[in-house]
Amino acid sequence: MAIVDEDIARVRQASDIVAVIGEHVSLRRVGMRWQGLCPFHAEKTPSFSVNQAEGLYYCFGCQARGDVITFVREVEHLDFVAAVEKLAGRAGISLRYTDEGESEGRRRKAALLDAVAKAVDWYHERLLRAPDAAKARGYLRSRGLDGDDVRRFRIGWAPDGWDELARALRLPDEVFVESGLGFLNRRNRQTDAFRGRVLFPIFDVQGRPVGFGGRILPGGEGPKYKNSPESAVYAKSKVLYGLHWVKSEIVAADEAIVCEGYTDVIGFAKAGLPRAVATCGTALTEDHVRLLRSFARRVVLAFDADAAGQNAADRFYAWERAHDLDVAVAALPAGVDPAELAMSDPAALRSAVEAAVPFLGFRVNRALDAGDLSTAEGRARAAEAAMAVLAEHPNELVRDQYLMEVASRCRVDPERLRAGLRAPRRGKTVRVARSRAAAPVWREGPEMEALRLLIQHPDGMAPWLHESLFGDELTLAAYRALRDAGSVREALAHTDPGAAELLQRLAVEESEAEVHDVAARLVEAASARALVDLQARARATVDQEEFAALSRQIAWLKLRIEELREAPSRVEAAEQLLAWLTDRPEEHG
């Protein structure tokens with residue numbers, strides 16, 4: 001499916017790239033550009049630059065580049081259409097589609113989202129005002145949630161009646177069922193999916209309600225928790241509860257906290273840690289990790305990490321390497337969930353997060369703490385358990401750091417432990433992280449500076465430029481693209497990848513050089529190349545008339561180059577040389 005080109009252009013024009021990127025990256029103005037830490041790779045020194053006027057960004061560290069649509073696609077893991085749709089919604093632009101069938105699919109998805117949004121409002125108002133929600137309000141107060149919390153997180157109440165939502169919303173059967181709000185009973189009547197439950201609406205990263213997590217009241221019948229079924233708008237392996245509320249705080253802290261319960265997320269926020277998210281009734285998946293890495297490099301696990309360590313260690317280590325991620329574990333008191341700790345001792349909850357230890361270190365410490373280190377036998381068994389944990393980690397340098405700690409606490413010779421690690425381990429493979437592509441190498445000089453000025457000050461620089469001034473094929477291609485296009489973005493779309501990448505980089509750089517100075521340097525370099533060519537031709541010719549003509553040109557050219565180096569005659573000499581270079585038959589074709 002495609003969106004009408006005119007509408008895509010309207011979305012780009014209406015989207016302020018600095019405002020959009022600023023929701024994920026802290027940007028500061030430097031001259032005419034904006035700079036910040038790159039969201040696509042780990043760095044401590046800002047190498048990410050944004051040209052607000054052209055609507056382009058470029059990272060000098062990892063070479064990530066694009067426009068506002070590209071950024072939304074990459075940072076929120078959306079396809080092109082979804083990214084345009086998000087920006088269009090932000091700008092209040094209605095989109096048209098080229099394929100009517102696909103347009104119908106998008107309208108159907110919009111209908112499902114609208115149905116869930118209406119249900120969120122209805123359930124929320126029911127909790128706030130309905131007499132039958134009194135017990136639910138009391139339960140929430142007992143969990144430390146007040147009216148402000150209920151309103152902020154849009155918590156709702158699903159009454160006991162079997163079709164109260166259905167009768168209130170009066171949705172078409174297919175929308176009611178496909179949105180996960182209910183089902184058709186044996187009499188073909190709409191029946192609510194949630195009854196007698198406190199509901200926590202689940203939003204996608206864009207802030208659109210896509211489903212619910214329902215908690216039965218104490219003493220109620222049925223499973224304790226019930227989630228919306230998967231649908232065209234809700235995939236639990238790709239959605240994290242609370243992310244759309246706290247993503248800016250996650251970016252600012254470069255850290256996300258992952259917990260298991262909806263009330264845990266709220267508890268963290270109330271304790272002054274508004275950067276927690278929760279999985280929706282499923283284990284943490286790589287899609288979740290990939291989504292979180294768009295916002296932060298560090299992930300703190302705030303749930304039963306013992307079980308995670310036993311069942312998902314290989315996955316966590318692979319994710320750390322593949323996504324350049326740091327996974328840590330908050331050591332919460334045994335038997336106490338974050339929501340309870342937030343209510344009873346919020347300072348302890350904050351301390352647990354601040355003192356979070358790397359995932360491997362947590363598992364090693366647990367293995368050692370479980371052993372009896374007061375006896376030789378106990379120390380030997382603890383060392384074996386800790387080394388079994390270490391053996392699962394793929395990085396030798398990391399393993400060796402913890403090995404020294406195990407050796408110290410268990411009073412074992414480190415070399416004996418290393419020998420055990422070096423022994424072949426059946427069934428184990430080491431995954432190698434992908435290396436980032438090497439940065440392209442571009443030669444700095446007057447040609448690059450001229451292109452920067454052509455982007456920055458086109459009216460001043462353009463009259464001084466011609467194909468004959470560019471001796472490098474890449475800068476020549478970039479110049480031709482800019483010359484023939486109406487904008488930098490149009491030039492990017494109509495040139496080869498190498499020139500496009502160069503232009504993308506130059507678009508976010510600033511030049512403080514003077515147009516006339518750059519023009520003079522560019523003309524001098526081109527004239528020097530022409531002089532070498534004339535001298536070679538003069539040496540090779542046997543025709544006296546041709547030799548005399550070439551000699552006159554050489555003398556004239558040398559004189560103009562000398563004048564070019566003198567301030568009073570610089571501009572006039574540059575104009576004469578540019579005219580001569582432009583008329584030469586040897587110019588670039």
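**Salt bridges in a predicted model**

The side chains of R505 and E509 come together in a salt bridge, with 2.9 Å from N to O. The structure in which this pair is found is a predicted model, and the pair offers a starting point for a walk through its charged contacts. R505 has a relative accessibility of 13% and therefore counts as buried, and E509, likewise at 13%, counts as buried because the cut-off for that class is under 20%.

A second salt bridge joins D484 and R483, whose side chains meet at 2.9 Å, again taken from N to O. Here the surroundings are described in other terms, since D484 has a relative accessibility of 56% and counts as exposed, while R483, with a relative accessible area of 39%, is partly exposed.

Which residue forms a salt bridge with D121? The partner of D121 is R154, and the closest N and O atoms of this pair lie 2.5 Å apart. This salt bridge links distant parts of the chain, for D121 belongs to helix 5, which covers residues 100-129, whereas R154 sits in the loop between helix 7 (147-152) and strand 6 (156-158), the two residues being 33 residues apart. D121 is partly exposed, with a relative accessible area of 39%, and R154, at 27% relative accessibility, also counts as partly exposed.

Salt bridges can also join into a network, as they do where E6, D7, R10 and R96 are linked with one another. Taken over the whole model, the count comes to 34 salt bridges, among them the pair of R505 and E509 with which this account began.

How values were computed:
Residues are numbered from 1 along each chain as its sequence is written. This is a predicted model: local features need pLDDT of at least 70, side-chain atom pairs count only at pLDDT 80 or more; totals for chains, interfaces and linings use all residues. Side-chain values use heavy atoms; hydrogens and water are left out. A salt bridge is a side-chain nitrogen of Lys or Arg within 4 Å of a carboxyl oxygen of Asp or Glu. Helices (H or I, at least four residues) and strands (E, at least two) are DSSP runs, numbered from the N terminus. Buried means under 20% relative accessible area, exposed over 50%, partly exposed in between (1.4 Å probe, protein chains only).
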